[in-house]
Structure formats: C-alpha cells, structure tokens
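Open the model in your viewer and keep the sequence panel beside it. The stops below go from the whole chain to single residues.

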Amino acid sequence: MTSHVPNEARVIPLRPRAERPGARPTASRPTVSPVPPERRPPTVREPLWRDLVGDVLRRERLEQERTLKEVAEAARISMPYLSEVERGRKEASSEVLAAAAGALGLGLGDLLARAQGELVRLTSRHTGAGAGRGTSGNRFDGMCLAA
C-alpha cells in the first residue's frame with residue numbers, strides 16, 4: 001500500500017492573529033488618532049454612476065413620450081437590456097450608452113454631462129456643499145469615466 005496524505009485544506013486567516021477571537025496578542029500596534037468629523041467620509045451612500053445614467057435615459061425617453069420598444073429599436077439594443085440599463089441594473093458600455101443617447105437625440109457627452117450634473121446635485125445636498133463649480137468642500141465637482 002502507498003502512504004496516504006489526508007485531504008485537508010490549508011487555512012489562511014483573513015485577519016491577523018491578534019484580531020481573531022481567542023488568539024494570543026502579537027506585538028502592539030501604534031495607536032492611530034481618530035479621524036476628525038470634517039474629514040470622515042459621508043455616511044450617506046453615494047449614487048452609482050449606472051443609476052444616474054439610467055435615470056437620465058428614462059427621464060429623457062418619458063419626456064419625449066416614447067416607448068422602451070421604440071428607443072430600443074432605434075438604438076439597435078434589445079428592449080430587456082435597455083430596460084435593465086434604465087433601472088441601473090446593468091453597467092452599459094460606452095457604445096451602448098452612445099446608441100441609447102443617439103436614439104433619444106442626445107450625444108454621449110450630453111448624456112454624461114446630465115448624469116454628472118445629477119451627481120453633483122445629489123452629493124452636494126448630502127454633504128452640505130454648494131452645487132456651484134469651484135465651491136470649496138464639494139468633493140464631486142468633476143467627472144471621471146473609465147471604461
């Protein structure tokens with residue numbers, strides 16, 4: 001007979017030994033001063049980009065009194081997928097966003113600018129900062145889109 005090694009998994013702890021319940025403490029860590037309230041991140045959940053873009057698409061479609069089917073056909077996107085994009089359930093590619101915007105008579109820049117404006121409006125309401133450009137304290141005054 002051959003020697004048999006038991007089939008056991010190797011466990012790698014996710015937390016350092018000192019943080020695990022019942023574990024022996026290791027070398028002490030340096031104490032960190034608490035973060036002052038004005039430097040803490042906002043406790044309100046920031047909106048997701050896909051939600052903002054979807055809201056802009058849906059609002060524009062409804063203002064034009066067009067159906068989801070009409071816009072999806074004009075954009076050459078499936079109707080269920082466009083619905084998912086409008087509801088913020090799908091992270092659409094820039095090509096899909098450009099097609100949907102084009103079907104509504106918007107450019108991709110128009111769509112993104114409207115979504116960015118909505119982001120600034122929503123986040124400035126929660127952070128208490130002004131909505132104007134250059135207002136100090138408004139952390140979300142610019143736009144960044146990575147694809």
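Contact, on this tour, means heavy atoms within 4.5 Å. Keep in mind that the model is predicted.

**Whole chain**

Start with a cartoon view. The protein has 5 helices and 0 strands. From the N terminus, the order of elements is α-α-α-α-α. Now colour by burial. Of the 147 residues, 27% are buried. Switch on the surface: about 11,000 Å² is exposed, and carbon and sulfur atoms supply 53% of it. For contacts between residues at least 6 apart in sequence, 52% link residues at least 24 apart.

**The nonpolar core**

Select Val53, Leu57, Leu82, Leu97 and Leu111. Among the 24 residues of the largest nonpolar core, these five touch the most other members. Five elements each give two or more residues to this core: α1 (49-63), α2 (68-75), α3 (79-86), α4 (94-103) and α5 (108-127).

Stay on Leu57. Which residues does leucine 57 touch, not counting those up to four places away in sequence? The list is Val85, Glu86, Leu97, Ala100, Ala101, Leu104 and Leu111.

**α1 against α3**

Show α1 and α3 alone. Their axes are 7 Å apart and the packing angle is about 115°. On the α1 side, select Arg50, Gly54, Asp55, Leu57, Arg58 and Arg61; on the α3 side, select Ser83, Val85 and Glu86. By class, this contact has 2 nonpolar, 2 polar and 5 charged residues.

**Arginine 61**

Zoom in on arginine 61, in helix α1. Is arginine 61 buried or exposed? Arginine 61 counts as buried, because its relative accessibility is 9% and the cut-off for buried is under 20%. Beyond residues up to four places away in sequence, arginine 61 touches Arg66, Thr67, Leu68, Val71, Glu86 and Leu104.

**Glutamate 60**

Step back one residue. Glutamate 60 also belongs to helix α1. Its relative accessible area is 11%, so glutamate 60 is buried. Show side chains and look for two polar contacts. One joins the side chains of glutamate 60 and glutamine 64 at 2.8 Å. The other runs from the side chain of glutamate 60 to that of arginine 114, at 2.6 Å. Now leave aside neighbours within four places in sequence: glutamate 60 is in contact with Leu104, Leu106 and Arg114.

**Two loop residues with positive phi**

Move to the loop between α1 and α2 and select glutamate 65. Glutamate 65 is not a glycine, yet its phi is positive, about 55°. At 73% relative accessibility, glutamate 65 counts as exposed.

Then go to the loop between α2 and α3 and select arginine 76. What is the phi of arginine 76? The value is positive, about 60°, although arginine 76 is not a glycine. Arginine 76 counts as exposed, with 79% relative accessibility.

**Methionine 79**

The last stop is methionine 79, in helix α3. Methionine 79 counts as partly exposed because its relative accessibility is 39%, a value in between the cut-offs of 20% and 50%. Apart from residues up to four places away in sequence, methionine 79 touches Leu68, Lys69 and Ala72. Finish with a distance: the C-alpha atoms of methionine 79 and threonine 67 are separated by 9.9 Å, and these residues are 12 residues apart along the chain.

Methods: Residues numbered from 1 in each chain as written. Predicted model: local features only at pLDDT ≥ 70, side-chain atom pairs only at ≥ 80, totals over all residues. Heavy atoms only, no water. Core = buried A, V, L, I, M, F, W, Y, C linked by side-chain atoms within 4.5 Å. Buried < 20%, exposed > 50% of the residue type's maximum accessible area, 1.4 Å probe, protein only. Helix = DSSP H or I, 4+ residues; strand = E, 2+ residues; numbered from the N terminus. Polar contact = N/O pair within 3.5 Å; in protein donor to acceptor, adjacent residues only side chain to side chain. Areas by Shrake-Rupley, 256 points an atom, 1.4 Å probe, with all protein chains shown as cover. Axes fitted to C-alpha atoms, helices over the stretch in contact; angles between N-to-C directions. Nonpolar A, V, L, I, M, F, W, Y, C, P; charged D, E, K, R; others polar.
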